[in-house]
Amino acid sequence: MGRRRQRVDPAAGARAGALPEAIAALSRSLPSGPSPEIFRRAKFDRPEATSALWQLLFRVLSPLPVGNALASLALEAQAHLVKSALCSQGYPRLALAQLPEDGSQGSRELLLALSWLLARGPVPEQMLAQARVPLGDEMTVCQCEALASPGPPAPHMEAEGPVDVRRVQWLMGKLQFRWRQLVSSQQEQCALLSKIHLYTRGCHSDQSLGHLSVTEAEMLRDPEGGQQASGAGVAQNLDPAYPKCLHSSCTPGMGPRTFWNDLWLVCEQPGLLPGDAAPLDPGGASACSLLSPLRALLQTLERENQRLEAVLAWRHTELVFWRWMDTVLGTCAPEVPAAASQPTFLPWVPERGGGELELVVRELQALEEELREAVERRRAAWEAKAGGCGRGPEWSAARRASREAVEKELGALQQCWKQDSGPARPHGPHRLVRREDGAAGERDLRAAEVIRTLRSQEACLEAVLRRLQGQCRQELARLVGALPGLIWIPPPGR
Amino acid sequence: MLPADCSRRLVAELQGALDACAQRQLQLEQSLRVCRRLLQAWEPTGTWALKPPPGPETNEEDPLPACTPSPQDLKELEFLTQALEKAVRVRRGITKAGERDKAPSLKSRSIVTSPGTTASAPPQSRGQAGQAGGHASDTRPTKGLRQTAVPAKGHAERRLLSVGDRTRVGMGARAPRPGAGLRDQQMAPSAAPQAPEAFTLKEKGHLLRLPAAFRKAASQNSRPISPAGITMFLCGSWGTPCVHPSLWAQLGSTQTSDSMDATAAKTQFLQNMQTASGVPQPRLSAAEVEAEAGRLRKACSLLRLRMREELSAAPMDWMQEYRCLLTLEGLQAMVGQCLHRLQELRAAVVVQPPRPCPVEGPPRASPSCRGGAEPAWSPQLLVYSSTQELQTLAALQLRVAMLDQQIHLEKVLMAELLPLVSTAQPQGPPWLALCRAAHSLLCEGGARVLTILRDEPAV
């Protein structure tokens, strides 16, 4: 399984057959990767390789799995987005930004860009993880996706006219109500999930899991997809996207991520939709779109396994590829940095923290002000007091000792933010497993710990909210308090 | 009335939040539907019974013809059925008398036992007990069932095992009553003609088996490491245990033990790219800038905290006072450094207003989470031990998400409403109404409203 060339002998780096093998593994491991021929043509900067590489880069750089809707974007649009994404990642070469977007030239530059991305991070693994088939009931523990709240308002909102503030109040109340509804539905779903796990104990072939997940149980209940409740939305028995759809609707830890899962599976099922010619699919796509959920799930799993094997093969043979890329780079002329023009980047995704830098600057400046005042005061007081003290040797020794101690303390403080965010918090979706004894392996999470973390997070956030509300209260009191003839009666306390 | 642009922003934000909630609610409801359906009685569909299992999954079982079997077979099955019913009766006599027999009498034949196999007895009685409302205890009835091969080739197995695994006889219990088409001339019309073989997950859940092909593919794909630290799964049909790391696990191990040469080659390549482009220092990516800004924000709060501590501490003697002074000066210097760094960052970044892009608002994994820990490719488990725990967990997650949203809305409202209140001329009821609404929204989360009394001087 690709273990043949584990440690490539540097002396025999360009062994015949090693390079094509490596490139073949690479193209198999990427979703609809271009054929090895494309790579070779790109080295010689042939124009016919360009559009395939643009599309591949688009898929790699897109923040979410590319569905049909996105794949059908015109080549120019894709190329443009690729450029801005690369720019925002700090891609060094300027030639890429200057390439025409119609796919007529520049395949060598694109090949270099692809290699740059591959060198920076585990790209095939990440893409595989993105498109993974989840077999269990997944719950996302870390909040990084939950934090990405729906950013700017949806474009379909028409500009409404001036609105009464009571409408705002009403919307707020509606929002509170919806949250309450959400909580109660969530509780019910957890209870049902727990029951299902309990009842199917003992039947999973994998002892460490011990019970079926909802996806698996549903697949058993209805392997042919012949029986679907009418209210289930999409005609699931006929929809080859059923397995993934089922999964995403079952996850208790829902959030924006599962929504995009839905989008993905509805738009893209290479090999499951009729007439799709996925070059990667050696087994051949089933031309029939009426796949039972079981078959669909099996196919997706098998395809994932194939890609996994390709990635493993790539990892074992990639050294040869890097040697080759060095030669490709050598054939390009060295660039002259454009004088004084910082490449501008247009963020692909409208970033929520656009003014983040400004906020931090302001905070720090305020802090600086406070500190300056405090230091002046203290320094003046100190000079007044200690001016009269002697300047003996023990005095200066004491001063030096103090200075060193303070430096050490402050150095430790600096470490607190210098190093990257603390202990590795496990993130990504976790499969829910019910065990009476709660035993868990070293990499697994226990619910009790997660609950503790969440409680502390909750406390933090509540404190922040209360602080903000307190600020508002003070501000409003200041604004309206001066008016005579009015009595402000606060609402009854909690 | 609020001015137009302010209204637009507020309504848009709130509407966005409402939409997000609605989305989640929809997903939850779909999920609830599926779960509820799973917990109800599982109806067999007519389509299963006679269809021979398709394709490669038939390697373990001879595909039985869809046509009616010979009368000889039918007779044998009939004998078998009678023997089983008798066995069941005997068993039931041993277990609690007075156990309720549910209407579909087929439930009594639920467990396949070959008459002589005692190993299967416990599962059967447990199966019976299951009907009375308890659920299976922890011992694995599966082993017992696996021994029995009796009507193993029954069509009914395929109800759940569409790949026709011959060893899984849990549901093959129905074999004496294979698909209706086979024996309708001999079968008494069952009480529920549509569902002669219905059962609930509660009773029979522990007897289900996943199809073999699926198990194979899934275990090859990913097997979580059991607490014992050994990954085992049953490959093949009869449980030849083999220790074999799954593909995802292999991926994880190659990540950590990456070939030194490959890593060195990659670094070299990146450096070459950098020098070839003429810019010696790599430019910062947007993600890095954001991460840096986050770190500096954290620095700011830590420094402020430290400053407060120092200022509030009352120095005892001149030594302590001196240290306090030094600390404050040190803090001041650090703040200066941070500001300097920020200016550098600002200069390195030129941000233009984003173009409307075809992909709106997809969630982006925040850099702190993605870059930090080594990505764990193998699936990780989240282990819970009771329903309450799971519910608490989910409720807390929702609460944290809700608080986050509330804080965001609070900031937006502050930015929009406070200026309005301060700039509006204090005249008349509209402004008072605005104040009242602003107070309610900003200070009480919209839940409570204060009262304003006009205090007219009498006469």
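A residue counts as buried when its relative accessible area is under 20%. Keep that cut-off in mind. This is a predicted model.

**Stop 1: a buried cysteine**

Select B:Cys443. Is B:Cys443 buried or exposed? Its relative accessibility is 0%, so B:Cys443 counts as buried. Now look for a partner. B:Cys443 is in no disulfide. The nearest cysteine sulfur belongs to A:Cys472, and the gap is 5.3 Å. A disulfide would need the two sulfur atoms within 2.5 Å. Across all chains, the count of disulfides is zero.

Next, select B:Cys21. At 4% relative accessibility, B:Cys21 is under the cut-off too, so it counts as buried.

**Stop 2: the whole of chain A**

Colour chain A by secondary structure. How many helices and strands are there in chain A? Look for 16 helices and four strands. The chain has 494 residues, and 50% of them are buried. Its accessible surface is about 22200 Å². Carbon and sulfur atoms account for 55% of that surface.

Take the contacts in chain A between residues at least 6 apart in sequence. Of these, 72% join residues at least 24 apart.

Now select residues 294–329 of chain A. This span is 100% helix and 0% strand. Its end C-alpha atoms lie 47 Å apart. An unreviewed UniProt entry lists residues 90–229 and 294–329 of chain A under "domain: Tubulin epsilon and delta complex protein".

**Stop 3: the whole of chain B**

Switch to chain B. You should find 15 helices and six strands. Chain B has 459 residues, of which 47% count as buried. It exposes about 20900 Å², and 58% of this comes from carbon and sulfur atoms. Among chain B contacts with a separation of 6 or more, 67% are between residues 24 or more positions apart.

**Stop 4: the largest nonpolar core**

Select B:Phe214, B:Leu417 and B:Leu442. These residues have the most contacts inside the largest nonpolar core, which holds 94 residues. Which helix gives the largest share of this core? Highlight helix H14 of chain B, residues 387–423: it supplies 18 residues. In soluble globular proteins, nonpolar side chains tend to be buried together.

Zoom in on B:Phe214. Leave aside its neighbours within four places in sequence. Its contacts are then A:Leu135, A:Glu216, A:Met219, A:Leu297, A:Leu298 and A:Leu301. Another core, of 49 residues, lies apart from the largest one. To find it, select A:Trp54, A:Ala113, A:Leu117 and A:Ala119, which are among its members.

**Stop 5: B:Leu14**

Go to helix H1 of chain B and pick B:Leu14. Its relative accessibility is 3%, so B:Leu14 counts as buried. What does B:Leu14 touch, not counting residues up to four places away in sequence? In chain A, it touches A:Val168, A:Leu171, A:Met172 and A:Leu175. In chain B, it touches B:Leu409. B:Leu14 and B:Leu409 are 395 residues apart along the chain. Their C-alpha atoms are separated by 7.8 Å.

**Stop 6: a loop residue**

Select A:Asp45. It sits in the loop between helix H2 (36–43) and helix H3 (50–61) of chain A. Check its backbone. A:Asp45 has a positive phi of about 60°, although it is not a glycine. A:Asp45 has a relative accessible area of 32%, so it is partly exposed.

**Stop 7: confidence**

Colour the model by pLDDT. Start with chain A, where the mean is 74 and 70% of residues reach 70 or more. Confidence in chain A is highest in helix H9 (residues 165–199), at a mean of 93. It is lowest in helix H12 (residues 256–267), at 39. Select residues 146–156 of chain A: pLDDT is below 50 there, and the stretch has twelve contacts beyond near neighbours in sequence. Residues 345–354 of chain A also stay under 50.

In chain B the mean is 67, and 58% of residues reach 70 or more. Among its elements, helix H1 (residues 4–39) has the highest mean, 91, and helix H2 (residues 46–50) the lowest, 30. Residues 46–67 of chain B are below 50, with 40 contacts beyond near neighbours in sequence. Residues 225–242 of chain B are below 50 as well, with 34 such contacts. Where pLDDT is low, the predicted coordinates should not be read in detail.

For the model as a whole, ipTM is 0.71 and pTM is 0.64.

Methods:
Residues are numbered from 1 along each chain as its sequence is written. Chains are lettered from A and ligands numbered from 1 in the order in which they are written. This is a predicted model: local features need pLDDT of at least 70, side-chain atom pairs count only at pLDDT 80 or more; totals for chains, interfaces and linings use all residues. Side-chain values use heavy atoms; hydrogens and water are left out. UniProt positions are given in the numbering used here, feature names are shortened, and annotations may be inferred rather than shown by experiment. Helices (H or I, at least four residues) and strands (E, at least two) are DSSP runs, numbered from the N terminus. Buried means under 20% relative accessible area, exposed over 50%, partly exposed in between (1.4 Å probe, protein chains only). Contact means heavy atoms within 4.5 Å. Accessible areas come from the Shrake-Rupley method with a 1.4 Å probe; for residues, only the protein chains shown count as cover. A nonpolar core is a set of buried Ala, Val, Leu, Ile, Met, Phe, Trp, Tyr and Cys residues joined through side-chain atoms within 4.5 Å. pLDDT is the predictor's confidence in each residue, from 0 to 100.
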